Amino acid sequence: MGIVKIPLDIEAALLADRIAADEIAETVARCERTRAKTFDPESGAYTGYKESGAITLWVCYKTFCGGAELLDYYFNRTNILGVSEPAADPDMELGPLLTPIRDKKPLCCKCDRPLEIRKALFSYMKRKYYAMAFACPSCGQVYESKEIVRYRAEKVEPLLEGK
Ligand SMILES: [Zn+2]
């Protein structure tokens, strides 16, 4: 992996969130090295994540010859433990957070397969819970949008803390 370009406005946001540019570069490099990332055919962007301690850091980026450019990032304190099984009804109606992902039809870069709605196991602090998520039916790579990651941080995590 070559250089990871970070636009100025995103750099300022990273500073405010106390996330080091190195952390972003490492996350992108890991996604590239392992191909544990998803591709949005509409925008041409890749999305993947890296867990460091309790933080799950997501990066959204485009690649060019010799490097990548960061388009967005987001994070929460929910870890992804795994994908258990297909949803009972894969054509089920999805909520407002998941429907846009179905419309985008993201692909798993490792397996070149479209993601499907699956039941995934998450953990926050020491509490585990299942939730629907888009994931690769072969390797289990999960895709979560910024809206979903924020939702977990703002609504689910406080609930699990009993707040
Ligand atoms: Zn896969």
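The following exchange examines how the features of this predicted model are assigned.

Colleague: Why is R35 called partly exposed?

Modeller: R35 has 15 C-beta neighbours inside 10 Å. A residue is buried at 20 or more and exposed at 12 or fewer, so R35, with its 15, counts as partly exposed. R35 is found in the loop between α2 and β2.

Colleague: What makes D112 exposed?

Modeller: Within 10 Å of D112 there are 11 other C-beta atoms. The limit for an exposed residue is 12 or fewer, and therefore D112 is classed as exposed. D112 is found in the loop between β7 and β8.

Colleague: What is notable about phi in R35 and in D112?

Modeller: Most residues other than glycine have a negative phi. In R35, which is not a glycine, phi is positive, near 60°. D112 is likewise a residue other than glycine with a positive phi, in this case near 55°.

Colleague: How do you know that β9 and β10 are paired?

Modeller: Pairing requires at least two bridges, and nine bridges join β9 (residues 116-124) to β10 (residues 127-135). The two strands therefore count as paired, and they run antiparallel. Y124 stands opposite R127 in β10. The two strands form a hairpin with two residues between them, and M125 in the turn has a positive phi of about 50°.

Colleague: What makes β10 and β11 a pair as well?

Modeller: Two bridges link β10 to β11 (residues 142-143) in the antiparallel sense. The requirement is at least two, so the count of two bridges satisfies the criterion. A135 stands opposite V142 in β11. This hairpin has six residues between its strands, and G140 in the turn has a positive phi of about 85°.

Colleague: Why are β6 and β11 called edge strands?

Modeller: The open sheet of four strands has the order β6-β9-β10-β11, with antiparallel pairing. β6 (78-86) and β11 each pair on one side only. β6 pairs with β9 over seven bridges, and V83 stands opposite A120 in β9. Helix α4 lies across β6, β9 and β10, at about 50° to β9.

Colleague: What is the strand order of the seven-stranded sheet, and which strands are its edges?

Modeller: The order is β1-β5-β4-β3-β2-β7-β8, the sheet is open and its pairing is mixed. The edges are β1 (3-5) and β8 (113-114), each of which pairs on one side only. β7 (residues 107-108) and β8 run antiparallel and are joined by two bridges. Since at least two bridges are needed, these strands therefore count as paired. The bridge partner of L107 in β8 is P114.

Colleague: Which helices pack on this sheet, and at what angles?

Modeller: Helix α2 (residues 21-34) touches β1, β3, β4 and β5, and its direction makes about 70° with that of β4. Helix α4 (residues 146-160) touches β4 and β5, and its direction makes about 20° with that of β5.

Colleague: How is the chain divided into domains, and what makes up their contact?

Modeller: The division is into domain 1 (3-76) and domain 2 (78-160). Their C-alpha centres lie 19 Å apart. The contact takes 17 residues from domain 1 and 20 residues from domain 2. On the side of domain 1 that touches domain 2, β2 (38-40), β3 (45-52), β4 (55-64) and β5 (67-76) each supply at least two residues. The largest share of that side, four residues, comes from β5. By class, that side has seven nonpolar, four polar and six charged residues.

Colleague: Which residues of the largest nonpolar core touch the most other members?

Modeller: Of its 33 residues, these are I24, V28, W58, V59, Y73 and A135. Membership requires a residue to be buried, with 20 or more other C-beta atoms within 10 Å, so V59 and A135, as members, are buried. Two or more residues come from each of α2, β3, β4, β5, β9, β10 and β11. Each of domain 1 and domain 2 contributes at least three residues to this core.

Colleague: What is V59 in contact with, beyond its neighbours within four places in sequence?

Modeller: The contacts of V59 are I24, T27, V28, C31, G48, L70 and Y73.

Conventions. Residues are numbered from 1 along each chain as its sequence is written. This is a predicted model: local features need pLDDT of at least 70, side-chain atom pairs count only at pLDDT 80 or more; totals for chains, interfaces and linings use all residues. Domain bounds come from an automatic or database domain assignment. Two residues are in contact if their C-beta atoms, placed from the backbone, lie within 7 Å. Ala, Val, Leu, Ile, Met, Phe, Trp, Tyr, Cys and Pro count as nonpolar, Asp, Glu, Lys and Arg as charged, and the others, Gly among them, as polar. Axes are lines fitted to C-alpha atoms, for helices over the stretch in contact, and angles run from 0 to 180 degrees between N-to-C directions. A nonpolar core is a set of buried Ala, Val, Leu, Ile, Met, Phe, Trp, Tyr and Cys residues joined through C-beta atoms within 7 Å.
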